[in-house]
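This report deals with one chain contact and a few backbone features. Please keep the sequence and the model at hand while reading.

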There are 4 protein chains.
Amino acid sequence: MRTTPPLHTGHFVLTIRCADAVGIVAGVASALASAGAFIIESSHFGDPDTGLFFMRTEFRPTEARFRTAEDFQIVLKPVAQRFDMQLALHPAQSPMKVVLAVSRHGHCLNHLLNRWHSGELPVDVVGVVSNHDDMRRMVDWYGIPYHHLPMGTDKAAQEAAFLQVVEAAGAELVVLARYMQVLSDAMCEALSGRCINIHHSFLPSFKGARPYHQAHARGVKLVGATAHYVTRDLDEGPIIEQDSVRVGHGMDANALVRIGKDVENVVLARAVHWHAERRVLLNGLRTVVFRQGGA
Amino acid sequence: MRTTPPLHTGHFVLTIRCADAVGIVAGVASALASAGAFIIESSHFGDPDTGLFFMRTEFRPTEARFRTAEDFQIVLKPVAQRFDMQLALHPAQSPMKVVLAVSRHGHCLNHLLNRWHSGELPVDVVGVVSNHDDMRRMVDWYGIPYHHLPMGTDKAAQEAAFLQVVEAAGAELVVLARYMQVLSDAMCEALSGRCINIHHSFLPSFKGARPYHQAHARGVKLVGATAHYVTRDLDEGPIIEQDSVRVGHGMDANALVRIGKDVENVVLARAVHWHAERRVLLNGLRTVVFRQGGA
Amino acid sequence: MRTTPPLHTGHFVLTIRCADAVGIVAGVASALASAGAFIIESSHFGDPDTGLFFMRTEFRPTEARFRTAEDFQIVLKPVAQRFDMQLALHPAQSPMKVVLAVSRHGHCLNHLLNRWHSGELPVDVVGVVSNHDDMRRMVDWYGIPYHHLPMGTDKAAQEAAFLQVVEAAGAELVVLARYMQVLSDAMCEALSGRCINIHHSFLPSFKGARPYHQAHARGVKLVGATAHYVTRDLDEGPIIEQDSVRVGHGMDANALVRIGKDVENVVLARAVHWHAERRVLLNGLRTVVFRQGGA
Amino acid sequence: MRTTPPLHTGHFVLTIRCADAVGIVAGVASALASAGAFIIESSHFGDPDTGLFFMRTEFRPTEARFRTAEDFQIVLKPVAQRFDMQLALHPAQSPMKVVLAVSRHGHCLNHLLNRWHSGELPVDVVGVVSNHDDMRRMVDWYGIPYHHLPMGTDKAAQEAAFLQVVEAAGAELVVLARYMQVLSDAMCEALSGRCINIHHSFLPSFKGARPYHQAHARGVKLVGATAHYVTRDLDEGPIIEQDSVRVGHGMDANALVRIGKDVENVVLARAVHWHAERRVLLNGLRTVVFRQGGA
């Protein structure tokens, strides 16, 4: 029923982070070429501030001797050691497993599920967690397990159950799709670098609660949304994507809430898409986002 | 289950079109004031090119003697006659009845239904028509009648059945939410001024079939979407709303299709929202859109 | 040499602020109609939060008996008194006199002067004030008096000289076009409601010094600019206009500075344009901006 | 007086185009690494439609033995021959020489000159050509030669004089900054791939004359601008950059003209900037634009 996602059978995605130096690209590209890898897309970035080098390369094998991730791992090992690289190699055809979390506002959940269902989001949604039961019927329709984990008196227990769902499902990524709970420090640590939140403001403006009401009170002429990695510092995590939309004096806070939802939907879906394609690399408190060419 | 839309009990929406002249606003506003109408929002536009005057006023009664549409119709009659106005008065609390039409791409349908279901689109979706059966399960979930009207050899018969659904449901508006059929001239006439289509390009660029493929071939750096009233001239009807999004050389036509969907969703939902709030007035081949203040 | 601005001979702009009530529009429109005023453009806004009503009406006389501002003042007096209005009536054909202030970054100054010189900004630039001498040659070219008022040890004396320039030139508006000085409280008071600043960030993000460097450090994906009225609270004044532009990980703070200038230029010019056409009304800490129809 | 542009002393920009194959990046990167080149920024694109591969690499030397363009040309020669590359290597510190052409609308000219003068546009403006004398005073201010080449009866002679200016000044690029003349086929050929035009519409909409008036008549809700390479097919050349801005029913064609200028300025300056940094590569009727990272 669900459309097959547009994954590229046999493609691999290689991501690298290391100290910048002469010869990195040459080393990696030569290793890949020696194994017959045809490069589909490749992006680099050397950050002059931090001296770090980032690279993402998507390639497909062309020779029978080199077909598996292991084959290429072996080929890349010398250059990885030489430059002391953090190197990851993933087959592109296995979509990233994702758990979504939601509270009572279902627009982002609906948008992600519709995108996923039509085969346009390169992920595999393996479960939905919620502290409420409101979204169960929607999730059931998609045939996805719904985990109602109410927020009782024992927050630690609820988070443990949440994490248990993530681990049991083998999820690589957790998406807080308007999950209106602040995660504990321990939970943030456990999901470090693999938990994306959508905040309904143009950060760093209007952190915390009711950002549209704050925005209305301040009289801004644009409202926005921000997708970022969750860290212990509330709404301070590395930003993946942002966008904004024009508002006017004739709109009350409720109108901002309504209009902002379109931006939230799009910003969060982009961030999930890019993360799932391993286009987002952490660079301290910032991110490197290797978007698809030229946009 | 469905959230009640944010309709304003007791509000009325008055729309006027007539030849421009001194005294129109004074006449209308005085009539309303004499009946205790408190103006919530009011917009005017005099087109110097055509000499036409357009007005939309939203008000609520404050006096017990004037409460119904009929009461205000009577009060407005003299000024309407004096200026030979096309005048319409609608209670704002009764949402506009709408029939949606779709073929196989369900994103706009999903977006409209989700918005409607969460009480944010001031319409009442009374049916969905499709020439395919693909979207039935989605529509069933929302508890809306699904009318599968396949496009066989007899186009006239199919359109007659379509119109029959519209009339039987008492729908004021038909929305072609990626309904991939060209309506006959007769059908266009029957739905004149009350049928909105979403075209997946920034009109007048890329009329007709496969606009994203046309856009890719031309190498544009933005793609867009256009919501317009359907007329006999294909993709030439009065434009209600447009928007665009940046694309790049690294995106093939399929990527444009995927990215463009977000713009289609938003542009169509805005157009439907504004039409349903009677903010869109026809001005020849163009539209006057009285958007909410200042955005 | 300079192109005549597109001012509308004989037009008047009426702005009104008062407590909202039944009958205001009727009263104003009837008074105008009784004097033969043909309404070109009219906008209203009633703020449900504050209970205030705002109105801007542009009209032209059609009867020989009513031609001057005084004629219409007399006609409007009864309704103004009845609703205790703050009412202002200005002939549209006399452009607003403006003094610009700049320090060393000349892009906004250049943009405003070029716009003014080509007759597109409905103002009369009567002088430029600067705490540096860098921009003198550019200002000389336009034939505008340049007042070099260096910021020595006596800030109060410098500000007194600045105010003296404003008053002597009969300027109604002061525009801080990248004037890198914080005005004293006294100066803010003296220019209250008639001094527009451009801040090179998307307020309330990144107040104060070096906002692009702050933005780069935070890793935002959009940078913006904000035009606002100057008040005693630095970068907290009522916002008139904002806009933003996309940036990426490969841009250092200097690239943000460069890219942001385009947004600063456009945002400031819009704010000045709207203020000069008396489209901006203060609503506490926020503004009502009656933009030209429908955009 | 003029600020030095932000050119990177000692940097080189390498651009490559060839048929895509395994080993290209490895070959180029290895050659560069063998000569101690430190890669600042590198972008690739393989077009699956055309089978072409594009690459732009910015690097700086780190070894005394390899310092000049010739040194690197020698190093790159084997790989260039092996893959039959179109390869170009330019020192980044010598700004590209540019001739601007203008008729009577000076906004784009003013914007480019101001950007250039403040050291933000990495070009060297070596002359301005115009078929009118209107802009002489502005150009004189900047100390640039102004060539008034009126369009008399002999178009071929005028174009010959235009080309003579370009060649005599050693200009690599010609920018039509609102030059309201259609170039002859011969002129287009002579400037093939090195002549950028700004068209004041969102192409392919509204080709030819008076695009804003066409846009107003069609009732579009956004207007745009397009920077493209000039070819024999009017307004059909490869697009480098586009952008758009919202308009509304209350704006006449003149308002569109005014509002559109901001978009024209920004779009043209971006295209010139990218071309001058050799970020734009021709791919048939389309362009590859290697923008600065991630925006």
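The text below takes the contact between two chains, then the peptide bonds, then the phi angles.

This is a predicted model, in which local features need pLDDT of at least 70 and side-chain atom pairs count only at pLDDT 80 or more, while totals for chains, interfaces and linings use all residues. Residues are numbered from 1 along each chain as its sequence is written, and chains are lettered from A and ligands numbered from 1 in the order in which they are written.

Chain B and chain D each put 22 residues into their contact; two residues are in contact if their C-beta atoms, placed from the backbone, lie within 7 Å. On the chain B side, β11 (239-246) and β13 (286-289) each supply at least two residues. Strands are DSSP runs of E with at least two residues, and helices are runs of H or I with at least four, both numbered from the N terminus. The chain B side has 10 nonpolar, eight polar and four charged residues. Here Ala, Val, Leu, Ile, Met, Phe, Trp, Tyr, Cys and Pro count as nonpolar, Asp, Glu, Lys and Arg as charged, and the others, Gly among them, as polar.

The cis peptide bonds are tabulated here.

| Cis peptide bond | Omega |
|---|---|
| L203(B) to P204(B) | about 10 degrees |
| L203(C) to P204(C) | near 10 degrees |

P204(B) sits in the loop between β9 (195-199) and α7 (211-218) of chain B.

R178(C) is not a glycine, yet its phi is positive, about 65 degrees. R178(C) belongs to the loop between β8 (173-176) and α6 (185-190) of chain C. R178(C) is buried, with 21 other C-beta atoms within 10 Å; buried means 20 or more such atoms within 10 Å, C-beta atoms being placed from the backbone.

Notes
A residue is buried if 20 or more other C-beta atoms lie within 10 Å of its own, exposed if 12 or fewer, and partly exposed in between; C-beta atoms are placed from the backbone.
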